[in-house]
Amino acid sequence: MAACKRLVVACFFLVLLLAEANAQGLKVGFYSKTCPHAEGIVKKVVFAAMKKAPTLGAPLLRMFFHDCFVRGCDGSVLLDSSNNQAEKNAVPNLSLRGFGIIDDSKAALEKVCPGIVSCSDILALVARDAMVALEGPTWEVETGRRDGRVSNINEVNLPSPFDNIAKLITDFRTKGLNEKDLVVLSGGHTIGMGHCPLMSNRLYNFTGRGDSDPSLDSEYATNLRKKCKPTDTTTALEMDPGSFKTFDVSYFKLVAKRRGLFQSDAALLDNSKTRAHVLEQARGSTFFHDFGVSMVKMGRTGVLTGRAGEIRKMCRVPN
């Protein structure tokens, strides 16, 4: 009897999740009839690009994150501006790369099924396929988004590498994401690079008194000081030292040892829930699955569906 009740409860929550997705107009296989080869076309473009430049994986993942956290997942981060006032011109977005992969995917799709696949869906598919190309996690991408027409530099207010845990939790909750999602998505730092200006204050002037961040492992801090001098603005640092090209759980193991590069990484240990999730992910058995689940949740943020927005002909400009 207890088992039956648990099954009923599980089915109830599954129905709720499906209803949420359907209510927003998103579903896996949205283009199965209108552009049945859409996902294969995007995957081919992504894999070819990643074979030439595998370091594009991290910025492509960040691009989707940065898009969804401003105006929702509507492709607004892709828009250009004649006066440099679009989202991509904001400081946190200046390090994004890979816009050409979105353009190439859109061009390939327009040849086969013009006016069908949105740029916001392309971005969601590219983020997934870039991770697969790195032999990282995969997940089924819900599609059906439409594209926004507005991109404003003044609306870019993203979670920051300098944020404390309270602000991180609040920022994620406003997007419908919980503490586990915060930790799991922070695991994206297992790939890619950071730069000295983003963490020099942790090394040289944490409280304004010429001190270092006491939450940073002292041996790791010593090694970082050898690479980053106080005035260094260019040197790149591996966010997951020794494993920054590989999507794995080593990021969580480093955070647990107080060797997270950013303040926002270290902050994950400052809350009982997020700390527990860090330790859980460090064990490694569920990270790939959990990452996919959280990416799907994030991909539902503020989407435009139905008759809202448009299907751009080119991803850099509204129709």
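**Where the two domains meet**

About 1400 Å² of area is buried between domain 1 and domain 2, and carbon and sulfur atoms give 83% of that area. On the side of domain 1, the residues that lose the most area to domain 2 are Phe69, Pro137 and Trp139, which together make up 37% of what that side buries. These values come from a predicted model.

It helps to step back and see how the chain is divided. The domain assignment places residues 27-155 in domain 1 and residues 165-298 in domain 2. Taken over C-alpha atoms, the centres of domain 1 and domain 2 are separated by 25 Å. Domain 1 brings 17 residues to the contact, while domain 2 brings 15 residues.

What kinds of polar pairing link the two domains? Between domain 1 and domain 2, the count of salt bridges is zero. One residue pair, with both members at pLDDT 80 or more, is in polar contact between domain 1 and domain 2.

Which elements of domain 1 give two or more residues to the side that touches domain 2? They are the helices α3, spanning residues 57-68, and α5, spanning residues 119-133. With six residues, α3 supplies the largest share of this side of domain 1. Sorted by class, the side of domain 1 that touches domain 2 holds twelve nonpolar residues, two polar residues and three charged residues.

Methods. Residues numbered from 1 in each chain as written. Predicted model: local features only at pLDDT ≥ 70, side-chain atom pairs only at ≥ 80, totals over all residues. Heavy atoms only, no water. Domains from an automatic or database assignment. Contact = heavy atoms within 4.5 Å. Buried area = accessible area lost by both parts, 1.4 Å probe. Salt bridge = Lys/Arg side-chain N within 4 Å of Asp/Glu carboxyl O. Polar contact = N/O pair within 3.5 Å; in protein donor to acceptor, adjacent residues only side chain to side chain. Helix = DSSP H or I, 4+ residues; strand = E, 2+ residues; numbered from the N terminus. Nonpolar A, V, L, I, M, F, W, Y, C, P; charged D, E, K, R; others polar.
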